Amino acid sequence: MNRTPRALNRFLLGLLGLILIGLGGGLLWLSLDSGAARRWQGFAPGLLERVEAFGADTALPGQSQSWIWPLLVVAMVVAIVFLVLWAAAQGRGRTGTLISEYDDDGAPGRVAISGAVAEQALRSALQENPDVAAAAVSTYDVRGSSALRIRINPRQGAAPHLIAADATHLVEALDAALGREPAVLISIDAGRKLRFNREDRVR
C-alpha cells in the first residue's frame, strides 16, 4: 500500500550486485590464475601512467590541477543528494488522518479523525485474541483516500480463517462507530519460515 519505488530499488540493487560480482570475480581470478596476475602486473603500471598523462592533459590553465577533480566532487555531491532523495522515498504513503470531511450543517467546519484512533483501537482488540501473537495497524493514503492496513501474526496452530473473521468483525464495528467504511487490507502472516501460509483479505 505504500509508495516505495520497488522497480528503482530492484534496479539499483541489481546494478550494485553486478558490480560487486565483477570485482569479486576479477580478484578471485587474479588470485587463482598466475598468468592473469602476471598480465595485470604488466598492465597496471602502464594504466597508471596513462591516468597521470590524462590528468596533465586536462590541467586547468595556469594550474597543475586537472578539471576532473572538481567534476568528481560535483558528481559526488549529486550522488549524495540522489541517495538522500532515494532514502526519503522509501515507505512513502503513510498518513496520520483516517477521515477528514467538511460539514456545513450547523457550525461549518472540518471534522478530522486521526488514524491513531483506529490503529490503537484495532491493535488492542486484536491482541486480546489468544490466537494472535502480534498485530500492527497502519493508515495509508491510497489515491487520495485513507485506508487501513492490518498485519496479524498468529500463534502456531491457530486457524487463519478464524482470525480473519474476527478481524473482519472488528473492522465492521469500527465502521459502525465511525459512520464510514475506509478501505482495509487484512494481512495474516505466520512469519518468514511460513511465508507460503500467508493470507490476505481486502475490503
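## A walk through the model

Start by selecting Ile-150, which touches Leu-122, Leu-126, Ala-136, Val-137, Val-171, Val-184, Leu-185, Ile-186 and Ser-187, leaving out residues up to four places away in sequence; contact here means heavy atoms within 4.5 Å. You are looking at a predicted model, where local features need pLDDT of at least 70, side-chain atom pairs count only at pLDDT 80 or more, and totals for chains, interfaces and linings use all residues. Residues are numbered from 1 along each chain as its sequence is written, and side-chain values use heavy atoms, without hydrogens and water.

Next, add Leu-148, Ile-152 and Ile-186: together with Ile-150, they have the most contacts inside the largest nonpolar core, a group of 21 residues. Such a core is a set of buried Ala, Val, Leu, Ile, Met, Phe, Trp, Tyr and Cys residues joined through side-chain atoms within 4.5 Å, and buried means under 20% relative accessible area (1.4 Å probe, protein chains only). Helix 5 (160-178) and strand 5 (183-188) are among the elements that each supply at least two core residues, and helix 5 gives the most, with six. Helices (H or I, at least four residues) and strands (E, at least two) are DSSP runs, numbered from the N terminus.

Now colour strand 5. Is it enclosed or open? Five of its six residues are buried, so strand 5 is largely enclosed by the rest of the structure. Strand 5 pairs with strand 4 in the parallel sense over six bridges; pairing requires at least two bridges found by DSSP. To see the pairing, select Arg-151, which stands opposite Ser-187 in strand 5.

Methods
Buried < 20%, exposed > 50% of the residue type's maximum accessible area, 1.4 Å probe, protein only.
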